[in-house]
Amino acid sequence: MGVIVKNNCIFILETKNTHYVLGVDKHGNNQHLHWGKKCSCDDYDIACKGDENSNHTFLDEIRQELTVFGQTMYRDCDIKAEFSDRCREINLEFKDFSSSEEQLSLTFRDKFYPLEITVNYQLFDDFDIIKRWTTIRNTGSTKIDFEKISSAQFSLPGVNPYTFMNTNGAWGGEFLETKTVLEGGYAIYESRKGASNHNNSPYFVAYNRADEKNGDVYFASLAYSGNFKVSCSRDLYGITRVVMGMNDFDFSHTVPGGKSFDTPPVYCGHTNGIGEMTRQMNSFCTKHLLPKQFHDKILPVLYNSWEATGFSVNAPQQIRLAEIAAQTGVELFVMDDGWFGQRKDDHAGLGDWYVNTEKFPNGLDELIERVNELGMDFGIWVEPEMVNADSDLFRSHPDWTYHYPHRKACELRNQLVLNLTRSDVQNYIFTTLDQLLSQHNIKYIKWDMNRPFSETGAENLENPQMYSYLHTMAVYNIVDRLKSKHPEVAIESCASGGGRCDLGALSHFDQAWTSDNTDGIDRITIQRGYSLLRPAKTMRAWVTDIEGINKPCSLDFRFAVAMQGALGLGGNLAQYSTEDLELCKKNIYLYKKIRNLVQFGDLYRILDIENDEISFNQYVSSDKKESVGFLIANATRFYKKRIPLTFDGLDENKRYRLTIQKKTYEKSGAYLMHVGIPIHIRGVDYNEIILINTCE
């Protein structure tokens with residue numbers, strides 16, 4: 001494993017199971033040569049081709065790692081710039097490279113202008129994952145304006161059409177998978193709203209003939225929470241390319257003389273099967289991307305009081321809910337919206353992060369101390385990026401929001417977006433939250449963002465079109481500063497549900513709120529989409545009182561769904577019957593026994609609710625000695641649900657014991673994976689959690 005350099009012009013990135021190969025030809029053009037299974041390093045070479053004809057040039061056909069705007073290249077580019085004399089063409093030549101065991105950088109420079117572009121690659125032991133990013137350097141004294149700066153370009157192997165997987169969602173319906181066969185033209189996945197995930201996702205997953213278990217799967221995920229664009233294309237030669245990075249919609253960035261700019265990184269890989277992609281990314285993100293304070297720690301079972309109280313919070317009511325939650329085994333009590341400023345509804349108070357003394361006359365510590373006495377940590381909700389017009393903050397600083405002087409601002413959810421590209425706004429948010437954490441024993445922050453951007457005027461910026469990037473970096477910076485000063489505090493990324501769950505957010509936040517939709521049946525589909533390229537432990541999943549509109553499901557059913565991530569409760573516990581509270585206690589006890597498997601195990605998706613009418617997901621320990629399976633169905637049809645249930649991820653040579661449908665079996669791993677256990681599923685509310693252990 002490592003970086004292998006051949007003849008100073010061919011560069012082989014060797015991961016655990018794959019080769020990623022690129023090169024520089026004799027004319028200084030960068031070329032992509034191979035991505036996939038390993039070959040003999042001696043076999044790789046690089047060829048130069050001529051133009052096909054005057055309409056189809058070599059530059060337009062070439063497979064590249066970096067494509068710049070200009071000359072006879074007419075396809076999608078990575079970098080587009082305008083120099084001080086208004087020239088908008090970049091003409092690169094190869095300058096040099098640097099390499100180590102784990103990193104490779106190739107630098108190209110413009111033949112006339114003071115511009116250098118470096119493509120960077122980093123490898124990771126035991127993973128088929130490569131980190132890619134691009135560095136822009138202005139080596140001159142005058143500015144260079146950029147209309148587009150992408151993070152990476154990929155040329156997929158072969159000439160057959162690829163199927164692209166992404167998501168096509170909305171608030172309350174995030175991460176709904178889509179599959180598009182790209183035979184020609186373009187498929188675009190993007191965000192223009194300022195956050196990354198409600199609609200499309202900042203990644204691509206591409207394959208020809210692949211499923212969960214088999215087939216070549218190529219993927220890349222952008223670690224960036226702002227406006228993004230993933231542009232997939234297939235040309236007349238059958239070449240499929242992907243360009244991904246910051247969205248060039250409403251975008252401009254200036255790099256002053258002597259300065260440089262690093263793009264957000266992309267994490268890419270090649271695996272055999274979609275399931276292996278998920279398992280690689282789950283382990284990789286947990287080990288290398290998640291913040292180090294909690295990346296290897298079990299996440300606690302939490303209770304959130306929002307659905308029980310709404311905005312009408314007060315100390316006695318929250319204490320009563322905490323006392324009930326503690327009895328069920330909850331470890332973290334989180335008070336949601338309504339505790340601060342003059343917050344009675346969503347019209348007022350955002351930005352005023354001081355305790356409402358009418359609701360908490362004895363201060364916040366009365367509640368926190370009682371929560372701690374009950375053996376739980378305390379967490380709290382904030383929405384730091386937003387402000388209500390009816391707030392002390394806005395009355396004092398009306399210029400702190402994104403705005404245009406002669407336009408009336410849109411107040412989605414009755415709120416405005418604070419201009420986090422301003423240092424004074426950043427300092428206010430950090431100082432306010434730092435004081436909150438310093439003055440109270442708070443161990444958890446639910447950081448929300450409940451509306452997209454609209455008026456994006458930022459008078460403090462030379463290029464206001466860079467707001468999305470600068471705002472995103474400011475959020476990351478504030479979160480990192482808070483975590484550095486308060487390392488015991490975990491911070492959750494929430495953006496009106498699952499609006500900010502990309503790998504960039506997960507590099508700074510400890511977990512993510514998956515969706516405001518907590519319907520148990522809908523969540524099966526939402527959580528499957530989330531799990532494709534994100535760690536299961538970061539997926540906050542609540543059991544609430546939302547049983548489904550025209551599709552009711554039991555409390556046990558909702559637990560079986562929510563236990564497949566980081567479990568939380570969100571219902572009105574004060575109205576639960578004794579029987580319901582016992583069910584909560586029983587399920588939380590079970591979850592604590594299996595959560596190490598769920599949060600750190602290998603996920604195998606065996607049956608899909610959309611295609612099979614049954615959902616069966618299995619989590620397996622790294623040593624393959626134990627596993628847990630979640631078998632869930634609702635409203636199965638006809639008589640086809642008498643099936644052999646097969647398993648995955650087990651050791652063929654070990655013997656396992658499991659109980660399913662009240663019958664205990666002892667079988668070899670080979671039998672369970674290739675033959676299976678006969679089951680019969682009927683009815684509208686079936687769920688079973690299957691514990692699988694070796695017979696040793």
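In the predicted model, helix α10 contributes five residues to the lining of the largest cavity, the largest share of that lining. This helix spans residues 520-531, and it is joined in the lining by β31 (602-607) and β32 (614-620), with each of these three elements supplying at least two residues. The volume of the largest cavity is about 150 Å³. A total of 16 residues line this cavity, and those closest to its centre are Ile-524, Gln-527, Arg-528, Gln-564 and Asn-617. By residue class, the lining of the largest cavity comprises eight nonpolar, five polar and three charged residues.

This cavity is one of seven with a volume of 30 Å³ or more that were found in a search of the whole structure. The second largest has a volume of about 70 Å³. Its lining includes Tyr-224 and Asn-227, together with Met-246, Asn-247, Phe-249, Asp-250 and Phe-251. The remainder of the lining of the second largest cavity is formed by Gln-465, Met-466, Tyr-467, Ser-468 and Tyr-469. Helix α8, which covers residues 467-485, provides three residues, the largest share of the lining of this second cavity. Seven nonpolar, four polar and one charged residue make up the lining of the second largest cavity.

Terms used: Residues are numbered from 1 along each chain as its sequence is written. This is a predicted model: local features need pLDDT of at least 70, side-chain atom pairs count only at pLDDT 80 or more; totals for chains, interfaces and linings use all residues. Side-chain values use heavy atoms; hydrogens and water are left out. On a 1 Å grid over the protein atoms alone, a cavity is a set of points where a 1.4 Å probe fits but cannot get out, and a pocket is an open set with protein on both sides within 12 Å along at least five of seven lines; lining residues have an atom within 4 Å of a point. Grid points are joined across faces, edges and corners, and a volume is the space filled by probe spheres set on the points. Helices (H or I, at least four residues) and strands (E, at least two) are DSSP runs, numbered from the N terminus. Ala, Val, Leu, Ile, Met, Phe, Trp, Tyr, Cys and Pro count as nonpolar, Asp, Glu, Lys and Arg as charged, and the others, Gly among them, as polar.
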